[in-house]
Every structure is written in structure tokens, then in C-alpha cells.
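Reader: I've got this one open on my screen and I'd like to slow down on a single part before looking at the rest. Pick a stretch, walk me through it up close, and then work outwards from there.

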Amino acid sequence: MAVPFQSLLSKCKTFEQIKQVQSHLITTGHFQICPSRTKLLEICAISPSGNLIYATQIFKTIKFPSTSDWNAIIRGFAKSNVPKHAFKYYKSSFFSNRPDALTCSFVLKACARILAIFQARQIHCHVIRFGFQADALLLTTLLDVYAKVGDFDNAQRLFDEMGVRDIATWNVLISGLAQGSRARDALDLFKRMGFQGLKRNEVTVLGALSACSQLGALGEGEAVYSFVKENGLDGNVQVCNAVIDMYAKCGSVEKAKNVFDSINCSKSLVSWNTMIMGFAMHGHGVDALELFNEMGRVGVVPDGITYLAALFACNHAGLVSDGLGLFRAMVDSGVRPNVKHFGSVVDLLGRAGRLEEAHQMITSMPMVPDVVLWQTLLGASKTFGNVAMAERASRALVEMGSNSDGDFVLLSNIYAARERWDDVGRVREAMRSRNVKKVPGFSFIEVEGVIHKFINGDQSHPGWREIYRKLDEIGFRVKEYGYVPETCYVLHDIGEEEKEIALCHHSEKLAIAFGLISTGAGTSIQVIKNLRICGDCHVVFKLISKIYEREIIVRDRSRFHRFKEGSCSCGDYW
């Protein structure tokens with residue numbers, strides 16, 4: 001008699017129907033039959049027509065809940081808006097039942113949602129204690145938690161110790177490494193799968209492409225794309241979108257557009273958004289707006305992300321009137337702007353030097369401005385040397401409790417540019433008292449599949465002496481073209497000669513010098529920098545591109561600069 005009730009519960013579409021079946025279970029005595037009772041709890045706790053609170057009330061009436069009953073409630077909370085309660089019920093279950101592998105799996109999914117590493121490690125101990133190590137699905141769920149919280153040492157150790165790994169196990173680790181701080185390890189794992197003859201699917205490829213995007217590794221990305229085409233995965237629009245993103249973030253917006261065009265009629269909204277953002281990152285504002293307008297012509301309705309990408313494109317191309325018009329059109333179309341849209345308009349106005357309008361935008365927003373908005377205004381104030389506006393933005397950041405090194409560094413640099421060294425000292429003392437550390441500048445360059453990292457003034461590279469000799473040569477040749485070091489970008493109270501030396505040894509200049517001596521004539525050089533490129537490096541790279549007849553592509557923290565024949569794609573507007 002239990003089976004018909006389970007079947008009936010599966011067909012329930014409303015909460016009232018669930019309650020009617022519950023009444024039948026109670027009046028007929030089948031509520032005490034575990035499968036029917038558990039099914040009732042599952043439907044009530046998990047299905048869209050259910051009610052988790054009501055499920056917990058039912059659960060409390062059960063004198064001797066089974067492990068399956070506990071699992072239904074724990075699973076319900078793991079999927080709810082309060083996943084932390086899943087762990088509370090998990091601990092309570094120990095008093096009446098021994099958890100099974102499903103119990104551990106459900107509570108681990110809750111841990112993954114709230115990034116609860118301490119609880120995940122506890123459950124890992126339980127998995128070992130209860131002898132669940134042979135359950136590949138459970139260990140993959142645990143691996144996913146470690147990867148999502150950034151505990152890659154434990155993730156790698158667990159992966160290596162697993163006796164059986166399926167494709168999902170590999171995909172979880174590759175995706176976690178790619179989205180975390182170990183993109184290079186993700187690519188190595190992707191290759192290892194190939195060496196071992198394991199079948200790699202769409203999810204595997206998405207993780208590998210994400211890693212390439214983070215590293216700016218164009219060669220590696222093209223190898224992954226070749227694999228995609230050879231294995232017929234390019235029919236998957238999600239994979240194609242990832243390829244577009246990879247090409248755009250690896251400096252080849254033209255190839256990104258070729259892939260976008262190849263998707264034809266199966267393009268998703270994400271395809272359009274990714275391509276518009278690709279144009280935006282490269283400063284191709286006009287191309288981005290043309291693509292945005294094309295969406296309308298083919299009947300694709302833009303969403304908030306589309307408008308954000310188009311606004312971003314206007315920011316980096318100096319298209320102020322277009323950007324403001326786009327923002328008004330978004331509001332008129334019924335798309336409600338969020339704080340990021342307002343932030344983009346603030347950035348648009350700030351880059352154009354319209355600081356008062358940017359400030360008014362922040363203070364008149366219908367929602368509370370976040371830290372990023374005030375940081376954007378602070379950055380614009382630094383660009384235009386507006387000390388008063390910088391101090392207003394800085395005060396707002398302090399009131400909001402921001403403790404970012406960038407806030408202090410920007411204000412310090414503004415004072416330093418005006419040679420207000422006492423104020424510089426005051427800001428640096430505030431940094432020391434708050435234990436704020438300045439993030440050092442560093443740059444990456446990929447040569448023959450190997451990624452080389454440089455920091456400012458670096459002498460740790462095996463070929464540093466040759467790199468510094470090349471820098472000396474570069475310095476001599478650019479001065480022949482009239483270059484004068486822009487020492488205003490060295491914001492320290494030191495002599496002019498020391499400032500020139502400091503400028504010469506910026507991490508991106510070291511990377512470019514290494515690229516010149518490590519690649520053949522005519523080869524383009526691509527560098528990734530973690531901070532914004534400085535004005536002096538920008539001037540020097542334009543000259544290097546002309547003198548050495550090299551295309552130089554620099555991706556800083558917000559956009560691309562493509563230097564060719566003495567000019568930059570940004571039009572000196574960034």
C-alpha cells in the first residue's frame with residue numbers, strides 16, 4: 001500500500017495537495033511506513049510546491065526518524081536560503097542515527113554554498129571514520145567544497161588519494177583550480193587527462209578555457225579550441241561562448257569575433273554579451289555599440305548585463321554622450337539599473353573629468369552606493385589632480401569601513417603629486433596603524449608555453465642580467481626618439497635620477513624586455529599586469545612598438561592596450 005502513496009505524492013502540484021495526501025497517510029496508518037513518510041518529507045522539503053518549514057514541523061512529530069527522514073530535511077535545508085541549518089540537523093542526527101553517504105553528501109553541498117571549510121573538514125573526518133572513502137560521488141562532492149573555498153592543497157590530496165575517479169571528479173578539480181588562483185595547474189590537469197587517454201567533455205573544456213582566459217595564455221587557448229573542433233564540441237553554444245571569452249581575454253578580439261560569427265542563428269544572449277564585453281575590454285567602443293544595435297535589428301532583447309557591457313565600452317572609448325544616452329535608454333526600456341550600472345556611469349563621467357556630475361550621481365542614487373563607486377571617484381580625482389574631491393571620496397570610504405590598500409595608495413599619490421609630503425606621511429601612518437599592505441605590481445608573459453612572472457625591480461629571473469642589458473638598450477633608443485622619463489609617475493620623495501631608475505624597472509618593462517630577447521623579430525608580445533599600466537610605460541611601449549617593429553599587447557586590470565607602429569588602441573584614453 002505504500003507504493004501508491006509515493007506515486008501520488010510525486011504527482012502533487014500544490015502545497016494543498018501535499019497536505020491532503022499527508023492526511024490520508026495519517027488516517028490510514030501509512031505515515032508510520034518509512035518509504036511513504038520519507039517521500040512526504042522530500043516533496044515537502046525540496047519540491048517547488050512544498051514548504052520547508054512545514055516539513056520540519058512534520059519531522060518533529062516523528063518519534064524515531066530514520067536516516068532517510070534526516071536526509072530529506074538536511075537536503076531541503078542544503079537547497080534552501082538558509083543552508084547553514086543543514087549542518088545543525090546533521091549534528092543532531094548523530095543522537096538517533098548513524099549518517100550514511102547521502103547524509104554526508106547533502107550537508108557537503110550546503111558547505112559548498114556557504115564556503116564552510118571548517119565544517120567540511122569535520123565531515124571529511126566522518127567520511128573516513130564511517131568508511132565511505134569508496135564512494136566516488138561523495139568524495140567528488142567533498143572535492144568540490146575544497147575547490148570552492150580555495151583549499152587546493154586538500155583538494156589535490158583528496159584527488160590523488162581517490163581510488164576511482166570519474167569524469168565529474170576531474171571536472172570539479174579543473175574548474176576549481178581555473179576559477180581560483182591556480183589556473184596553470186588546471187591546464188596541466190587538462191593535459192594529463194589527454195595523456196591518460198581519458199575522455200574530456202564540454203565541462204572539462206569550459207574549465208580549461210577559463211584557465212586560459214585568466215592566464216592570458218593564447219597559445220594554450222588555441223590548443224584547447226583545436227581540441228574542441230576535433231571532437232565536435234564546437235556545436236555547443238556554451239563552449240563557443242567560452243572560446244569567445246578566451247580569445248578576447250587573451251588579446252585577440254578579431255578571432256573572438258570570428259568565433260562569434262560562426263555561431264550563426266544559435267547565438268544565445270550570453271554570446272552577444274560576451275562579444276560586446278570583448279570589444280569593450282579592447283577599447284573598441286564603436287564596434288561594441290554597433291553590435292548592441294545589431295541585437296535590436298535581429299530581435300534579441302538586451303538584459304542588464306548587455307547594457308553594462310555596452311556602458312563599459314563607452315567608458316574606455318570616451319563615448320560620454322553615447323554612454324549617458326544608453327543609460328537613459330536602459331531605464332526607459334524597463335531594465336532596472338543596479339549599483340554596477342550607476343558605477344559605470346560614474347566611471348564614464350570621472351574619466352571625462354566631470355567629477356562634480358560623478359559625485360552627484362553617487363549621492364542621488366536610489367540605493368546605497370558601495371565602496372567601488374567611491375573608489376572610482378577617488379581614482380578619477382587622482383587622474384585629474386582634484387585634491388578636494390579625492391578627500392571627499394576618501395572620507396566616504398573611511399566611513400564605510402573600507403580597508404583596501406588602493407584607497408590609501410591613491411590618496412597618498414594625489415598628495416605626492418602635489419609634493420604634500422606631510423600628508424603622504426599621514427596616509428602611510430594610517431596604513432601602518434591599520435596593517436594595510438600595498439599590493440606589489442607584477443606582470444606575466446608567456447613564451448613557448450612557459451609563463452614568466454616579474455615584479456618591480458625583479459632580479460630573480462635566471463636571465464635578469466640579459467634583461468637589464470636590454471632595458472639599457474631600450475632606454476638609449478627611445479631617448480633618440482625624444483623620450484623624456486615622466487618622473488611625475490614616481491610618487492616618492494627621492495631625486496630625479498632615482499626616479500628614472502625606478503621607472504625603468506617596472507614589472508611590465510621587464511616583461512617586455514624579456515619578450516624582445518626571447519621571441520623572433522616581428523612576433524607580437526603579450527603581457528598581463530595586475531595593476532593599471534602607468535603613463536610612463538604607456539609612452540615607452542608606443543615607442544618600442546615603432547622602433548622594434550613589434551606589436552605589444554598589454555592587459556592591465558581593466559582593459560587591453562594594443563601598441564602598434566607608435567600608437568595605442570586606447571587613443572591615450574584610459
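Author: Let's start with residues 135-165, where the C-alpha atoms at the two ends lie 10 Å apart and the span is 77% helix with 0% strand. Bear in mind as you turn it around that this is a predicted model. The stretch has a label, too: the unreviewed UniProt entry annotates residues 135-165 as "repeat: PPR", and gives 166-200, 268-302 and 303-337 that annotation as well. Step along to residues 166-200 and you get 74% helix, 0% strand, and end C-alpha atoms 11 Å apart.

Now zoom out to the whole chain. The secondary structure comes to 30 helices and six strands. Of the 574 residues, 50% are buried. If you take contacts between residues at least 6 apart in sequence, 63% of them join residues at least 24 apart.

What about the inside? In soluble globular proteins, nonpolar side chains tend to be buried together. Here the largest nonpolar core has 141 residues, and the members touching the most others are Ile74, Ile123, Val205, Leu209, Val243, Met275 and Leu377. Click on Val205 and, once you skip residues up to four places away in sequence, you'll find it touching Phe190, Val224, Phe227, Val228, Leu233 and Val239. Apart from that core lies another, of 31 residues, with Leu471, Val478, Val540 and Phe563 among them.

For a look at one buried spot, go to Thr56 in helix H4, residues 52-60. Thr56 has a relative accessibility of 7%, so it counts as buried, the cut-off being under 20%. Leaving out neighbours within four places in sequence, Thr56 is in contact with Ile73, Phe77 and Tyr89. Ala72 is 16 residues away from Thr56 in sequence, with 9.8 Å between their C-alpha atoms.

There's some empty space worth a look as well. The second largest pocket holds about 470 Å³. It is lined by 28 residues, and the closest to its centre are Leu218, Glu446, Ser524, Ile525 and Gln526. Helix H14 (218-230), strand E1 (442-447), helix H29 (507-518) and strand E3 (525-529) each supply at least two lining residues. The largest share, four residues, comes from E1. By type, the lining of this pocket divides into eleven nonpolar, eleven polar and six charged residues.

Last stop: backbone oddities. Most residues other than glycine have a negative phi. Leu115, though not a glycine, has a positive phi of about 55°. Leu115 is found in the loop between helix H7 (101-114) and helix H8 (117-129), and its relative accessible area of 48% makes it partly exposed. Glu549 also has a positive phi, near 55°, and isn't glycine either. You'll find Glu549 in the loop between helix H30 (535-547) and strand E4 (552-555). With 67% relative accessibility, Glu549 counts as exposed, because that label starts at over 50%.

Key. Residues numbered from 1 in each chain as written. Predicted model: local features only at pLDDT ≥ 70, side-chain atom pairs only at ≥ 80, totals over all residues. Heavy atoms only, no water. UniProt positions renumbered as here; feature names shortened; annotations may be inferred. Core = buried A, V, L, I, M, F, W, Y, C linked by side-chain atoms within 4.5 Å. Buried < 20%, exposed > 50% of the residue type's maximum accessible area, 1.4 Å probe, protein only. Contact = heavy atoms within 4.5 Å. 1 Å grid on protein atoms, 1.4 Å probe; cavity = no way out; pocket = protein on both sides within 12 Å on 5 of 7 lines; lining within 4 Å. Points joined across faces, edges and corners; volume = space filled by probe spheres on them. Nonpolar A, V, L, I, M, F, W, Y, C, P; charged D, E, K, R; others polar.
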